[in-house]
Amino acid sequence: MTKTTWIAIAALGLAVPAHAAPAATMDFVERADTDTVSVKGGSAADNVGDVMTFTNPIYDAANTTKVGTDQGYCVRMIVGKMWECHWTTTLATGQIMVDGPVGDAGDTVLAVTGGTGAYRGVRGEMGIHARDAKASAYDFHFRL
């Protein structure tokens, strides 16, 4: 390589940060009112390939004011343990899309894969935490 090529490569390396700091955090509560599992993978109550769909209301962090909705689906990957999910959270200023595995127990972190409106081009992660043992509501913690 020429000296010019090495200088250009070095400049690119300096211009792109290895880890950008999160620009914003947002907290919401999803009320899991509509979660429905369709048996697709077999005849048991829980099968690899089953599909869960949902369209749920999203509330502010205090769980008092409705601020949006979410809708999406999850496919059962490991019986009794793990789903692979994709959904969109719709707020007044735009939408945020997330993808990733969600466990039946414990907290999970999913990838924020994009957005629209105020969230156009956004990247980051979303933590999810069940608020009770029945999984009737979840805390969503976005780090964008």
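**Exercise 1. The largest pocket**

Which residues lie nearest the centre of the largest pocket, and how many residues line the largest pocket? Describe the lining as well.

*Solution.* The structure is a predicted model.

Step 1. The lining of the largest pocket consists of 24 residues. Nearest its centre lie Met52, Val102, Gly103, Ala135 and Tyr138.

Step 2. The volume of the largest pocket is about 440 Å³.

Step 3. Sorted by character, the lining residues comprise 15 nonpolar, 5 polar and 4 charged.

Step 4. At least two lining residues come from each of strand 3, strand 5, strand 6, strand 8 and strand 9.

**Exercise 2. The overall fold**

State how many helices and strands the protein has, and give their order along the sequence.

*Solution.*

Step 1. The protein contains 1 helix and 9 strands.

Step 2. Along the sequence, these elements follow the pattern α-β-β-β-β-β-β-β-β-β.

Step 3. The protein has 144 residues, and 32% of them are buried.

Step 4. Of the contacts between residues at least 6 apart in sequence, 36% link residues that are at least 24 apart.

Step 5. The exposed area of the protein is about 8400 Å², and 60% of this area is supplied by carbon and sulfur atoms.

**Exercise 3. The largest nonpolar core**

Identify the residues of the largest nonpolar core that touch the most other members, and the strand that supplies its largest share.

*Solution.*

Step 1. The largest nonpolar core has 24 residues. Those touching the most other members are Trp87, Ile96, Val112, Met126, Phe140, Phe142 and Leu144.

Step 2. Strand 1 (25–31), strand 3 (51–60), strand 5 (82–91), strand 6 (94–103), strand 7 (108–115), strand 8 (124–130) and strand 9 (137–143) each contribute at least two residues to this core.

Step 3. Strand 5 gives the largest share of the core, with 4 residues.

Step 4. Consider Trp87, setting aside its neighbours within four places in sequence. Its contacts are then Phe54, Asp70, Gln71, Gly72, Ile96, Met97, Val98, Val102, Leu110, Met126, Ile128 and Phe140.

Step 5. Leu144 belongs to the segment after strand 9. Its relative accessible area is 11%, and because buried means under 20%, Leu144 is buried. The C-alpha atoms of Leu144 and Gly114 lie 9.9 Å apart, although the two residues are 30 residues apart along the chain.

**Exercise 4. Two asparagines**

Locate Asn47 and Asn56, and decide whether each is buried or exposed.

*Solution.*

Step 1. Asn47 sits in the loop between strand 2 (36–38) and strand 3, whereas Asn56 is part of strand 3.

Step 2. Asn47 has 8% relative accessibility and therefore counts as buried, the limit being under 20%. By the same limit, Asn56 is buried, because its relative accessibility is 1%.

Step 3. Not counting neighbours within four places in sequence, Asn47 is in contact with Val39, Gly41, Gly42, Arg76 and Val79.

Step 4. Beyond residues up to four places away in sequence, Asn56 touches Glu30, Arg31, Ala32, Asp33, Thr34, Asp35, Thr69 and Asp70. One of these contacts, Ala32, is 24 residues from Asn56 in sequence, with a C-alpha to C-alpha distance of 5.8 Å.

**Exercise 5. Two alanines and a backbone angle**

Where are Ala130 and Ala135 found? State the exposure of each, and identify non-glycine residues with a positive phi.

*Solution.*

Step 1. Ala130 is in strand 8, and Ala135 is in the loop between strand 8 and strand 9.

Step 2. The relative accessible area is 30% for Ala130, which is partly exposed. Ala135 is also partly exposed, at 24%.

Step 3. Ala130 touches Ala137 and Tyr138, leaving out residues up to four places away in sequence. Between Ala130 and Gly106, which are 24 residues apart in sequence, the C-alpha to C-alpha distance is 7.7 Å.

Step 4. Most residues other than glycine have a negative phi. Ala135, however, has a positive phi near 55°.

Step 5. Asn63 likewise has a positive phi, of about 65°, and is not a glycine. Asn63 is placed in the loop between strand 3 and strand 4 (66–78).

Conventions: Residues numbered from 1 in each chain as written. Predicted model: local features only at pLDDT ≥ 70, side-chain atom pairs only at ≥ 80, totals over all residues. Heavy atoms only, no water. Buried < 20%, exposed > 50% of the residue type's maximum accessible area, 1.4 Å probe, protein only. Contact = heavy atoms within 4.5 Å. Areas by Shrake-Rupley, 256 points an atom, 1.4 Å probe, with all protein chains shown as cover. Core = buried A, V, L, I, M, F, W, Y, C linked by side-chain atoms within 4.5 Å. 1 Å grid on protein atoms, 1.4 Å probe; cavity = no way out; pocket = protein on both sides within 12 Å on 5 of 7 lines; lining within 4 Å. Points joined across faces, edges and corners; volume = space filled by probe spheres on them. Nonpolar A, V, L, I, M, F, W, Y, C, P; charged D, E, K, R; others polar.
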